Amino acid sequence: MLDKLHATLVQQAPSFLRIPVKLVPASVQQTLMLETLKRVFHEALDDGEFEFLEGRWLEVHVRDVDFKNYISFENEKLVVRSDIETPDVRFSGNLNDLVLIAARKEDPDTLFFQRRLLIEGDTELGLEVKNLMDSVDLASLPAVLRQGLFTLADFVQKGLQTEPSVNEANYAHKI
């Protein structure tokens with residue numbers, strides 16, 4: 001019973017998060033995204049490894065939460081915006097898959113070939129972004145951020161291993 005409740009919670013969480021994401025102002029979302037990126041990629045930023053993104057835009061789209069932000073690198077700084085005309089490359093996936101990728105519990109190449117992670121646009125730029133993400137040393141993250149990521153990823157992974165019954169999923173959706 002608890003395993004099925006866990007699975008239902010993991011599968012339904014993105015739909016519950018859609019409303020708060022829509023209610024949070026874009027400026028707050030951009031600030032949160034920028035500060036998170038600075039913490040996660042502080043070594044790469046210090047080493048100038050984001051120069052390949054100068055004047056180019058990466059769209060990050062969490063499909064099931066309907067969250068989208070655009071990332072670039074200008075004047076030796078990361079830039080995050082909520083709307084641009086045309087990104088050079090798009091990364092899109094569902095929340096649970098992106099959490100698992102971030103914690104290295106799922107291989108992005110596997111999810112790409114399963115069409116759970118989409119990379120569209122400039123494939124060379126997309127590969128550079130993917131390689132930069134792969135180069136992050138998770139041990140260098142602040143302990144609170146690292147432990148939070150691993151705990152969340154473990155929770156998601158275990159929840160995805162159990163399928164809720166149709167009745168339980170419908171019941172959870174009505175709550």
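Let's start with a salt bridge. Glutamate 74 pairs with arginine 81, and their closest N and O atoms are 4.0 Å apart. Hold that against the cut-off: a side-chain nitrogen of Lys or Arg has to be within 4 Å of a carboxyl oxygen of Asp or Glu. Both partners have some solvent access. Glutamate 74 is partly exposed, at 27% relative accessible area. Arginine 81 is partly exposed too, at 36%. One caution before I go on: this is a predicted model.

How many salt bridges does the rule give? The count comes to nine. I'll take a few of them.

Next pair: glutamate 35 and lysine 38. Their closest N and O atoms are 3.4 Å apart, and they form a salt bridge. Why does the spacing work out as about one helical turn? Because the two residues sit three apart in helix α2. On accessibility, glutamate 35 comes out at 38%, partly exposed. Lysine 38 comes out at 36%, also partly exposed.

Now arginine 116 and aspartate 97. Their side chains meet in a salt bridge at 2.6 Å, N to O. This one links distant parts of the chain, with the two positions 19 residues apart. Arginine 116 is in the loop between α5, residues 108-113, and β5, residues 117-121. Aspartate 97 is in helix α4, residues 95-102. Buried or exposed, for aspartate 97? Buried, at 8% relative accessible area. Arginine 116 is partly exposed, at 28%. There is also a network to note: salt bridges with shared partners join Asp109, Lys130 and Asp134.

Stay in helix α4 for a moment. Leucine 95 lies there. Its relative accessible area is 22%, so it counts as partly exposed. If you want a distance to check on screen, take leucine 95 to glycine 126. They are 31 residues apart in sequence, and 19 Å apart C-alpha to C-alpha.

A second distance check, this time from helix α2. Glutamine 29 is in that helix. Glutamine 29 is buried, with a relative accessible area of 15%. Its C-alpha is 9.5 Å from that of lysine 68, and the two are 39 residues apart in sequence.

On to a polar contact. Which side chain does glutamate 59 reach? The side chain of arginine 90, at 3.3 Å. Glutamate 59 is in strand β1. The carboxylate is worth a look when you think about charge, because glutamate 59 is buried, with a relative accessible area of 4%.

Now the surface. Two patches.

The negative one is formed by Glu43, Asp46, Asp47, Glu49 and Asp137. Take aspartate 47 as the example. Aspartate 47 sits in the loop between α3, residues 42-46, and β1, residues 58-62. Its relative accessible area is 58%, so aspartate 47 is exposed. Patch members need over 30% relative accessible area and no salt bridge. Aspartate 47, at 58%, therefore clears the area part of that rule.

The nonpolar patch is Val24, Val28 and Leu32. Together they have about 230 Å² of accessible area. Where is valine 24? In the loop between α1, residues 2-23, and α2, residues 26-40. Valine 24 is partly exposed, at 32%. That is still over the 30% that a patch member needs, so valine 24 passes on area.

Last topic: backbone angles. Most residues other than glycine have a negative phi. Here are two with a positive value.

Aspartate 66 has phi near 60 degrees. Aspartate 66 is in the loop between β1 and β2, the latter being residues 67-74. At 37% relative accessibility, aspartate 66 is partly exposed.

Arginine 115 has phi near 65 degrees. Which loop holds arginine 115? The one between α5 and β5. Arginine 116, from the salt bridge with aspartate 97, is in that loop as well. Arginine 115 is exposed, with 64% relative accessibility.

To recap. Nine salt bridges by the rule. One of them joins arginine 116 to aspartate 97, linking distant parts of the chain. A buried glutamate 59, with a polar contact to arginine 90. A negative patch that includes aspartate 47, and a nonpolar patch that includes valine 24. And positive phi at aspartate 66 and at arginine 115.

Notes
Residues numbered from 1 in each chain as written. Predicted model: local features only at pLDDT ≥ 70, side-chain atom pairs only at ≥ 80, totals over all residues. Heavy atoms only, no water. Patch = residues over 30% accessible without salt bridge, like charges linked within 9 Å, V, L, I, M, F, W, Y side chains within 5 Å. Areas by Shrake-Rupley, 256 points an atom, 1.4 Å probe, with all protein chains shown as cover. Lys, Arg positive; Asp, Glu negative; His and termini not counted. Charge placed at Lys NZ, Arg CZ, Asp CG, Glu CD. Helix = DSSP H or I, 4+ residues; strand = E, 2+ residues; numbered from the N terminus. Buried < 20%, exposed > 50% of the residue type's maximum accessible area, 1.4 Å probe, protein only. Polar contact = N/O pair within 3.5 Å; in protein donor to acceptor, adjacent residues only side chain to side chain.
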